[in-house]
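Me: I have a structure here that is new to me, and I would like to understand the words people use for it. Could you walk me through it?

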Amino acid sequence: FKMITNWTNELSELSDEIYNLMERVAANANFEVTAQDSRLVALSGMQQTVLSCGFWLSTYHNIAEGHQNNSMVLKYAGSNLSLEDTEKIMLDQIRLGLVVFFHFKLENLFGGLLNKIASKKLNNIGETFKELSKEAGLSDAPQYAEIIKAFSSIRNSLHNNGIHSKESFSVPVGKFNYKFSKDGVVQCASLGHCITLIQAIMNIIESILVSEKIKKITAIIPDTYAEWLDKKEV
C-alpha cells in the first residue's frame, strides 16, 4: 500500500504542475485558462488522465486497506478471481489508461504546435517532436527525444502484446534505466516507470511552451476536437 500512496502523491503533484503550466500559458497569451486553445486542451486532457489514474488508485487503496477480509475486496470489485489476480488486472488497466490517453494528448500537443509554427503535419510522434524542438530551438533536444521515444515505445508495445519490435535502445530517466530490446518483452513499463517518464515529459513540455517562438503565439490555436465538443449536444 505504501507504493500506491507514493504513486497517488506523485500523480497529485503532476496534476498541480500541469495546471500551473496551463495558467502560465493562458496568462502569457492573455486569455482564460478554460479557453479552447489546443495547448490548453491538450494540457487539460493530460491533467484529467493523471487525476483519473490517481482517483482509481486511491479508490482501490481505500477499499483494500479498509477490509481485512479479502472476500469483501472481491465483492466490491465484482470479481470471481483471486485477490492477487484481481489486483493485477485492476492495476494493469489503470496503468494502460494512463499511458494511452496521455500519449494521445502528447501527440495532439506536438502536432498542433508544429503545424502552427511550421505548417507541417507528420504522422510519427518522434519525428514530430524532433522537428518541433528544432523550430523551438531546444538545446537539450537529443536527450529529450530519447525520453519521448521511451514513452512512445511503451505505448507501441501494446500493439504487439508487450513486445518491442524495433531496434534496441536504452535511456536513463530518474531512478530507472529504460531498456528496450528488439523482439524482447518490455520490462520497464510498470506504473512507477510510466509516472517517472511522464514527470520528465512535463519538463520537456514546459521547455517547449515557454520557448520564445511558442510564447509569441498569443492568438488561440484552434482545436478541432474542442470545437466538436462545443457543438455536440449532450
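Reply: Happy to; we will take the whole chain, then some helices, then single residues.

Me: How do you know what kind of model this is, predicted or experimental?
Reply: The record settles that: this is a predicted model.

Me: What makes up the protein chain, in terms of helices and strands?
Reply: The chain has nine helices and four strands. Reading from the N terminus, the order is α-α-α-α-α-α-β-β-β-β-α-α-α.

Me: Why does the radius of gyration of the protein chain agree with a compact globule?
Reply: A compact globule of 234 residues would have a radius of gyration near 17 Å, and the protein chain has 19 Å, so the two agree. As for its outline, the C-alpha atoms fill a box of roughly 60 × 45 × 30 Å along the principal axes.

Me: How much of the chain is buried, and how much area does it expose?
Reply: Buried residues are 44% of the 234. The exposed area is about 13000 Å², and carbon and sulfur atoms supply 50% of that.

Me: What share of the contacts links residues 24 or more positions apart?
Reply: Among contacts with a separation of 6 or more, 60% are between residues 24 or more positions apart.

Me: Where do the positive and negative charges sit on average, relative to each other?
Reply: There are 23 positive and 26 negative charges, and their mean positions are 5 Å apart.

Me: How do you know that the span of helix 1 is close to the expected one?
Reply: Helix 1 covers residues 2–29, which is 28 residues. At 1.5 Å a residue, 40 Å is expected, and the first and last C-alpha atoms are 41 Å apart.

Me: Which residues of helix 1 are buried?
Reply: Among them are Ile 4, Trp 7, Leu 11, Leu 14, Ile 18, Leu 21, Met 22 and Val 25. An α-helix has 3.6 residues a turn, so residues three or four places apart point the same way.

Me: What about Asp 16: why is Asp 16 called partly exposed?
Reply: Asp 16 lies in helix 1 too. Its relative accessibility is 47%, and partly exposed runs from 20% to 50%, so the label fits Asp 16. The C-alpha atoms of Asp 16 and Lys 216 are separated by 25 Å, with their positions 200 residues apart along the chain.

Me: What happens just after helix 1?
Reply: Asn 30 takes a positive phi there, about 65°.

Me: What makes helix 7 count as mostly covered?
Reply: Of the 19 residues in helix 7, 15 are buried. Helix 7 spans residues 191–209 and reaches 26 Å, close to the 27 Å expected.

Me: Why is Arg 95 called buried?
Reply: Buried means under 20% relative accessible area, and Arg 95 has 17%, so Arg 95 counts as buried. Arg 95 lies in helix 4. Beyond its neighbours within four places in sequence, Arg 95 is in contact with Ala 189, Ser 190, Leu 191 and Cys 194.

Me: And why is Ser 133 given its label, buried or exposed?
Reply: Ser 133 has 4% relative accessibility, under the 20% limit, so Ser 133 is buried. Ser 133 belongs to helix 5, residues 125–136. Leaving out residues up to four places away, Ser 133 touches Leu 138 and Ala 141.

Me: Why is Gly 111 partly exposed?
Reply: The relative accessible area of Gly 111 is 28%, which lies between 20% and 50%, so partly exposed is the right term. Gly 111 is in helix 4, and it touches Lys 120 and Thr 128 when residues up to four places away are not counted. The C-alpha atoms of Gly 111 and Ile 125 are 7.9 Å apart, with the two residues 14 apart along the chain.

Me: Why is Ser 119 called exposed?
Reply: Exposed means over 50%, and Ser 119 has a relative accessible area of 64%, so Ser 119 is exposed. Ser 119 sits in the loop between helix 4 and helix 5, and its phi is positive, near 55°.

Me: How do you know that Asn 161 is exposed?
Reply: Asn 161 has 77% relative accessibility, over the 50% cut-off, so Asn 161 counts as exposed. Asn 161 is in the loop between helix 6 and strand 1, and has a positive phi near 55°.

Technical notes. Residues are numbered from 1 along each chain as its sequence is written. This is a predicted model: local features need pLDDT of at least 70, side-chain atom pairs count only at pLDDT 80 or more; totals for chains, interfaces and linings use all residues. Side-chain values use heavy atoms; hydrogens and water are left out. Helices (H or I, at least four residues) and strands (E, at least two) are DSSP runs, numbered from the N terminus. The expected span of a helix is 1.5 Å times one less than its number of residues. Buried means under 20% relative accessible area, exposed over 50%, partly exposed in between (1.4 Å probe, protein chains only). The radius of gyration is taken over C-alpha atoms; the globule rule is 2.2 Å times the number of residues to the power 0.38. Contact means heavy atoms within 4.5 Å. Accessible areas come from the Shrake-Rupley method with a 1.4 Å probe; for residues, only the protein chains shown count as cover. Lys and Arg count as positive and Asp and Glu as negative; His and the chain ends are not counted. The place of a charge is taken as NZ of Lys, CZ of Arg, CG of Asp or CD of Glu.
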